[in-house]
Amino acid sequence: RHKIEPALEAIRKEPEYPWKTAELAGLCGYHPTYFAAVFREVIGQAPKHFIVLERIRKAKQLLLEAMTVEEVAERLGYASTHYFCRNFKTVTGLTPTEYRKWNTEI
């Protein structure tokens, strides 16, 4: 895990940044192909998928802070609200609106 810690820290700190595997590999001092293999071995998923999960984790926080779905999508670097909503539902099983409603009713 220590081999990829700089990349993990960067992704967690700025999930909205459009990270490329080559950039993350550079942070760790590795070739992109080697970095991707090590990342998958340590984390259990590809860097791109991990980034999506981190964005959704951040989106959950922002949605509960009363930001609109559009504002959250824009803040997290999504090109469209539709694409954000699709990613959110794929990961959580709920639309952003359903997630907010479900978590504010509890």
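**Exercise 1. Place N87 and decide whether it is buried or exposed.**

Solution. The first step is to locate the residue, and in this predicted model N87 is found in helix α6, which covers residues 81-92. The second step is to consider accessibility: the relative accessible area of N87 is 13%, and since buried means under 20%, N87 is classed as buried. The third step is to list its contacts, which, when residues up to four places away in sequence are not counted, are V52, I56 and Y78.

**Exercise 2. Determine which residues of α1 are buried, and where they lie around the helix axis.**

Solution. Begin with the buried set, which in α1 consists of A7, L8, A10 and I11. Viewed down the axis of α1, these buried residues fall within an arc of 165°, so they line one face of the helix. The general background is that an α-helix has 3.6 residues a turn, so residues three or four places apart point the same way. Turning to the other side of α1, one finds E9 and K13 exposed. To finish, identify the partners of the buried residues of α1, which pack against α2, α3 and α4.

**Exercise 3. Describe how α1 packs against α4, giving the angle, the axis separation and the residues in contact.**

Solution. Helix α1 (residues 5-13) and helix α4 (residues 47-64) pack at an angle of about 35°, and their axes are 9 Å apart. The handedness comes next, and the crossing of α1 and α4 is right-handed. On the α1 side the contact is made by L8, I11 and R12, while α4 contributes F50, I51, E54 and R57. Sorted by class, the contact has four nonpolar and three charged residues, with no polar ones.

**Exercise 4. Characterise the surroundings of L24, and then the contact between α2 and α3.**

Solution. L24 lies in helix α2, residues 21-28, and its relative accessibility of 0% means that L24 counts as buried. Leaving aside neighbours within four places in sequence, L24 is in contact with A7, I11, W19, F35, P47 and I51. For the helix pair, the axes of α2 and α3 (residues 32-43) come within 9 Å and cross at roughly 85°, which makes α2 roughly perpendicular to α3. The contact involves T21, A22, L24, A25 and C28 of α2, together with P32, F35 and A36 of α3. By class, this contact of α2 with α3 has seven nonpolar residues and one polar residue, and no charged ones.

How values were computed
Residues are numbered from 1 along each chain as its sequence is written. This is a predicted model: local features need pLDDT of at least 70, side-chain atom pairs count only at pLDDT 80 or more; totals for chains, interfaces and linings use all residues. Side-chain values use heavy atoms; hydrogens and water are left out. Axes are lines fitted to C-alpha atoms, for helices over the stretch in contact, and angles run from 0 to 180 degrees between N-to-C directions. Helices (H or I, at least four residues) and strands (E, at least two) are DSSP runs, numbered from the N terminus. A crossing is left-handed if the near helix is turned anticlockwise from the far one by less than a right angle, and right-handed if clockwise. Contact means heavy atoms within 4.5 Å. Ala, Val, Leu, Ile, Met, Phe, Trp, Tyr, Cys and Pro count as nonpolar, Asp, Glu, Lys and Arg as charged, and the others, Gly among them, as polar. Buried means under 20% relative accessible area, exposed over 50%, partly exposed in between (1.4 Å probe, protein chains only). Angles under 35 degrees count as roughly parallel, over 145 as roughly antiparallel, 65 to 115 as roughly perpendicular and the rest as oblique. The arc is that of the directions from the helix axis to the C-beta atoms.
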